[in-house]
Amino acid sequence: MKYRLAAFADEAASDLAGQMAAMKGNGIKLLEIRGVDGLNIDQLSREKAREIRRRLDDEGLGVWSLGSPFGKIGIHEDFAPHLDSFRHSLELAEILGAGHFRLFSFYGATEVGPVLERLSAFVEAAKGSDLILCHENEKEIYGDTAIKCLEIHRALPGLRAVFDPANFIQCGQDTKEAWELLSPYVEYMHIKDALWDGSVVPAGRGVGELPDLLSKYGGEVLTIEPHLTVFEGFDKLENEQKTQMPYTYPDARTAFKAATDALKEIIGGQSNGKAKTRNHRYGQHGQRSSRVLSEQRVPQG
């Protein structure tokens, strides 16, 4: 299948000019916009959004989705201002020409009821727009494992899913099992892989079974979300030290390119009928994790 590639280009550069350059340099036409020019997407003014749209249009680029932070607050926090900000961001999405809007399912919830109440408010607020709201699985929110995500989607069939393999791995969730449960609800995927210790690696280098998942994926768009380790002093290390840090990069643009190239390698292999699934089911110590992973801070989406 011929995929269209999107990306969180704020992982290549914080400013819009740098993001557009990274996208064009890697053959990516679509942006999942999360942060630009020092502002989170929900902090943009309408005027700023119009400027961003104009500059993207001039470069032949477009916005695929708003990589919003909505649903990333505590379940007991005041929801009213959060919902007001969501309504503002719906206007931004229209200005930017986005067709999709990424959401989360709140921190600290122990039962699904309060989560559904708040997610339903998002769905209601978005009625009448052409936006497709999509819930992303993530560590520490209610929808962290596949069975909890399934609860949400069964209760709110109009809410689609962003399937993030690395985020499932960081919760001890097997990605193939998650796919079996959630594939009917998947709108698109975030391309991010990880090892069982929670560390993020390029697509196909972890335990996420990316080649297998992509062979089953029926969508057209894939969003690259690198989350790879950047160490500015990497180039100054001795070769032996570098080999001990195989997925560490000297700067954000290099990490962004590595993430993009890894996905293209998988896609190219499938196109040629040569897709290979790397056997990383057993982690660095040869033991597969089947439990929730211990807390390890890695960049979150």
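## Close-up views of a predicted model

**Arg-87 is partly exposed, with a relative accessibility of 42%.** Welcome to this predicted model; the first stop is a pair of charged side chains. Asp-84 is partly exposed as well, at 46% relative accessibility. Its side chain and that of Arg-87 meet in a salt bridge, 3.1 Å from N to O. Both residues belong to helix H3, which covers residues 80–96. They are three residues apart there, about one turn of the helix.

**Glu-187 and Arg-160 are joined by a salt bridge.** Look for the closest N and O atoms of this pair, which are 3.0 Å apart. Glu-187 sits in strand E9 (residues 186–191) and Arg-160 in strand E8 (residues 160–163), so the salt bridge ties together parts that are 27 residues apart in sequence. Glu-187 counts as partly exposed at 21% relative accessibility. Arg-160 is partly exposed too, with a relative accessible area of 23%.

**Arg-34 and Glu-225 form a buried pair with a salt bridge between them.** Here the closest N and O atoms lie 3.2 Å apart. Arg-34 is in the loop between E2 and strand E3 (35–36), while Glu-225 is in the loop between E12 and strand E13 (229–230), so their contact ties together parts that are 191 residues apart in sequence. Step back a little, and these two turn out to be members of a network of salt bridges that also links Asp-10, Glu-11, Asp-164 and Lys-192. In total, the structure holds 21 salt bridges. As a general reminder, side chains of opposite charge can pair when their charged atoms come close.

**Strand E1 pairs with strand E12 and with strand E2.** Begin at E1, residues 4–7, which runs parallel to E12, residues 221–224, with four bridges between them. To find your way, pick out Leu-5, whose bridge partner in E12 is Leu-222. E1 is also parallel to E2 (residues 30–33), and two bridges join these strands. A handy landmark for this pairing is Ala-7, which has Leu-31 as its bridge partner in E2. Now follow the chain from E1 through helix H1 (residues 16–25) to E2: together they make a right-handed β-α-β unit.

**Six phenylalanines come together in a cluster: Phe-70, Phe-79, Phe-86, Phe-101, Phe-106 and Phe-122.** Ring pairs provide the links between these residues. Across the whole structure there are 13 aromatic pairs. Pause at Phe-106, in the loop between strand E6 (100–103) and helix H4 (112–126). Phe-106 is buried, with a relative accessibility of 0%. Its backbone is worth a second look: phi is positive, about 75 degrees, although this residue is not a glycine.

**Two lysines each place a charged end over a ring, Lys-72 at Phe-104 and Lys-148 at Tyr-142.** The charged end of Lys-72 is 4.7 Å from the centre of the Phe-104 ring. For Lys-148, the distance to the centre of the Tyr-142 ring is 5.1 Å.

**Glu-140 has a positive phi although it is not a glycine.** The angle is about 80 degrees. You will find Glu-140 in the loop between strand E7 (132–136) and helix H5 (146–155). Is this residue buried or partly exposed? At 33% relative accessibility, Glu-140 counts as partly exposed.

How values were computed:
Residues numbered from 1 in each chain as written. Predicted model: local features only at pLDDT ≥ 70, side-chain atom pairs only at ≥ 80, totals over all residues. Heavy atoms only, no water. Phe/Tyr/Trp six-rings, centres within 6.5 Å; stacked < 30°, edge-to-face > 60°. Lys NZ or Arg CZ within 6 Å of the ring centre and 35° of its normal. Pairing = 2+ DSSP bridges. Right-handed = clockwise from strand over helix to strand, strands pointing away. Salt bridge = Lys/Arg side-chain N within 4 Å of Asp/Glu carboxyl O. Buried < 20%, exposed > 50% of the residue type's maximum accessible area, 1.4 Å probe, protein only.
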